[in-house]
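This report looks at one helix, its packing and its cysteines. The sequence and the model are shown first.

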Amino acid sequence: MSKYLVQLDFMSFVKFNSLAFCCANTLFSPFNAFYTFQSSGINKAFLVIFLAPFAGLLLGVFFGILAFPLYKFLTARSQFLAALSGRFKEIPTGSNEPVSDDQH
């Protein structure tokens with residue numbers, strides 16, 4: 001597998017950060033709901049579980065905007081932090097179709 005030096009632009013970084021926060025917040029929402037249930041009851045606990053993905057997206061956007069200058073600084077100076085490996089496929093401009101794994 002090849003490695004590439006990657007430095008995302010602002011919008012790509014914010015999208016990636018939002019997705020990461022959404023996934024992390026959703027995974028940890030049962031723990032948050034448990035603690036909320038202990039202090040505030042079942043209704044607020046269900047609300048915590050339901051709103052976790054949306055809150056994660058908003059936190060991802062917020063911290064993505066704040067962290068972008070630091071990200072640019074670190075990836076410009078560290079090959080270790082900028083080196084990524086995986087599957088990459090160029091998407092033709094104007095195409096909004098999802099890319100599946102079998103199209104590589």
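Is Asn 25 buried or exposed? In this predicted model, Asn 25 counts as buried, because its relative accessible area is 19%, and the cut-off for a buried residue is under 20%. Asn 25 is found in helix H1, and when residues up to four places away in sequence are not counted, Asn 25 touches Asn 32, Ala 52, Ala 55 and Gly 56.

Asn 25 belongs to a longer list, since the buried residues of H1 are Phe 13, Val 14, Asn 17, Ser 18, Cys 22, Asn 25, Ser 29, Ala 33 and Thr 36. An α-helix has 3.6 residues a turn, so residues three or four places apart point the same way. What covers the buried residues of H1 includes helix H2.

The course of H1 is not that of a straight rod: H1 has 31 residues, yet its end C-alpha atoms are only 39 Å apart, short of the 45 Å that a straight helix would reach at 1.5 Å a residue. A kink of about 45° lies in H1 at Ser 29, shortly before the proline Pro 30, and Ser 29 is itself among the buried residues of this helix. After H1 comes Gly 41, whose phi is positive, near 105°.

Aromatic packing is a further topic, and the count comes to eight aromatic pairs. One of them joins Phe 13 and Tyr 71, which are stacked, with 4.4 Å from centre to centre and 20° between the planes. This pair links distant parts of the chain, for Phe 13 is in helix H1 (residues 10-40) and Tyr 71 in helix H2 (residues 42-77), 58 residues apart. Phe 13 is buried because its relative accessibility is 9%, and Tyr 71 is likewise buried because its relative accessibility is 16%. Both rings belong to one aromatic cluster, formed by Phe 10, Phe 13, Phe 68 and Tyr 71.

The cysteines form no such link, as the count of disulfides is zero. Why is Cys 22 not bonded to Cys 23? The closest cysteine sulfur to that of Cys 22 is the one in Cys 23, and because the two sulfurs are 5.5 Å apart, they are too far for a bond. The two residues are compared below.

| Residue | Relative accessible area | Class |
|---|---|---|
| Cys 22 | 16% | buried |
| Cys 23 | 41% | partly exposed |

Terms used. Residues are numbered from 1 along each chain as its sequence is written. This is a predicted model: local features need pLDDT of at least 70, side-chain atom pairs count only at pLDDT 80 or more; totals for chains, interfaces and linings use all residues. Side-chain values use heavy atoms; hydrogens and water are left out. Rings of Phe, Tyr and Trp (its six-membered ring) pair if their centres lie within 6.5 Å; planes under 30 degrees apart count as stacked, over 60 as edge-to-face and the rest as tilted. Helices (H or I, at least four residues) and strands (E, at least two) are DSSP runs, numbered from the N terminus. Buried means under 20% relative accessible area, exposed over 50%, partly exposed in between (1.4 Å probe, protein chains only). Contact means heavy atoms within 4.5 Å. The expected span of a helix is 1.5 Å times one less than its number of residues. The bend at a residue is the angle between axes fitted to the seven residues ending there and the seven starting there. A disulfide is a pair of cysteine sulfur atoms within 2.5 Å.
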